[in-house]
Amino acid sequence: MKDYNEPYKTEPIHVLIISDRLFDRAKSLAEYLRGTGNFKVIGLAENMQQAINLVQDCSFDYLIIAGYLKVERTYEVIAELQKQQKEFLTVQWAMIDSLITGFCQHYKIPLKFERTLPMPEFISFLNTHKNDPRPQCPEETQETKTISNQNISLFSLLKKVFRRISGSPSMLLL
């Protein structure tokens, strides 16, 4: 006979967190996730190589990017892990603005969440999406490499412009 008072048992959700700019926030996020008992934090990485090393011999459900990545090439960790046949969803956990939206489109990040919202809402968000289909690694041709490099240059320029105008009293509307 089933004991209905027994807590519902589920497999923990495995996450990898990466941040090269908001590492203290990433640590706080990891502590919160661990505290729920529903999540296993595989590790915290500050760069692409650390992230790759942390998940070398394990699977994970989410790659959480805390804030935007200062070293833009670090976003390539997504494609690199997909090339290694890792199946996961990427979540951009940041203050959502046009820069973040652009990064999400460019690097094919399917999920984004406003990090200023309460943490229980983020937990609910992750639980809601845990069974979403995982993106596969697209085939890369010389043409897509060239286009990708051009887009990286454009995004670097946009990031510089955004930093300049966000610090000035008069904001330009893009």
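## Strand β4, covered on both sides

Let's start in the middle of things, with β4. Both of its faces are covered: Leu 89, Val 91 and Trp 93 are buried on one side, while Thr 90, Gln 92 and Ala 94 are buried on the other. Six of the six residues of β4 are buried, and the strand is mostly covered. Please keep in mind throughout that this is a predicted model.

On one flank, β4 pairs with β3 in the parallel sense over five bridges. Tyr 62 stands opposite Leu 89 in this pairing, and Ile 65 has Gln 92 as its bridge partner in β4. To get from β3 to β4, the chain passes through helix α3 (residues 77-83), and this β-α-β crossover is right-handed.

Four bridges, again in the parallel sense, connect β4 to β5. Gln 92 turns up here too, with Lys 112 as its bridge partner in β5. The stretch made of β4, helix α4 (residues 98-106) and β5 is a right-handed β-α-β unit.

## The overall plan

Stepping back, the protein has 174 residues, and 39% of them are buried. It contains six helices and five strands, which follow one another along the sequence as β-α-β-α-β-α-β-α-β-α-α.

How much of the contact network joins residues at least 24 apart? Among contacts between residues at least 6 apart in sequence, the share is 71%. As for the surface, the protein exposes about 10700 Å², with carbon and sulfur atoms supplying 52% of that area.

## The sheet

The five strands form an open sheet in the order β2-β1-β3-β4-β5, with parallel pairing. At its edges stand β2 and β5, each with a single partner strand, so one side of each has no neighbour in the sheet. On average, neighbouring strands are turned by 25 degrees against each other, direction ignored.

At the β2 end, β1 and β2 are joined in the parallel sense by six bridges, and Leu 16 has Gly 43 as its bridge partner in β2. On the other side of β1 (residues 13-18), four bridges link this strand to β3, which runs parallel with it. Val 15 stands opposite Tyr 62 in that pairing.

Which residues of β3 are buried on each side? Tyr 62, Ile 64 and Ala 66 are buried on one face, and Leu 63 and Ile 65 on the other. With five of its five residues buried, β3 is therefore largely enclosed by the rest of the structure.

## Helices against the sheet

Helix α1 (23-36) lies across β1, β2, β3 and β4, and runs at about 165 degrees to β2.

Helix α5 (residues 119-129) has a buried side worth tracing on your display. Its buried residues are Met 119, Phe 122, Ile 123, Phe 125, Leu 126 and His 129. These residues sit on the same side of α5 because they cover an arc of only 160 degrees around the axis. The spacing fits a general rule: an α-helix has 3.6 residues a turn, so residues three or four places apart point the same way. The face turned away from the buried side of α5 carries the exposed residues Pro 120 and Thr 128.

What covers the buried residues of α5? The cover includes α1, β2 (39-45), β3, β4 (89-94) and β5 (111-114).

## A closer look at Asp 61

One residue deserves a visit of its own. Where is Asp 61? It is in the loop between α2 (48-54) and β3 (62-66). Is Asp 61 buried or partly exposed? Its relative accessibility is 22%, so Asp 61 counts as partly exposed.

Leaving aside residues up to four places away in sequence, Asp 61 touches Pro 12, Ile 13, His 14, Phe 88, Leu 89 and Arg 134. His 14 is a good example of a contact between distant parts of the chain: 47 residues separate it from Asp 61 in sequence, yet their C-alpha atoms are 5.2 Å apart in space. Another of the residues touched by Asp 61 is Leu 89, which brings us back to β4, where Leu 89 is among the buried residues.

Notes:
Residues are numbered from 1 along each chain as its sequence is written. This is a predicted model: local features need pLDDT of at least 70, side-chain atom pairs count only at pLDDT 80 or more; totals for chains, interfaces and linings use all residues. Side-chain values use heavy atoms; hydrogens and water are left out. Helices (H or I, at least four residues) and strands (E, at least two) are DSSP runs, numbered from the N terminus. Buried means under 20% relative accessible area, exposed over 50%, partly exposed in between (1.4 Å probe, protein chains only). Contact means heavy atoms within 4.5 Å. Accessible areas come from the Shrake-Rupley method with a 1.4 Å probe; for residues, only the protein chains shown count as cover. The arc is that of the directions from the helix axis to the C-beta atoms. Two strands pair if DSSP finds at least two bridges between them. A crossover is right-handed if, with the strands pointing away from the viewer, the path from the first strand over the helix to the second runs clockwise. Axes are lines fitted to C-alpha atoms, for helices over the stretch in contact, and angles run from 0 to 180 degrees between N-to-C directions.
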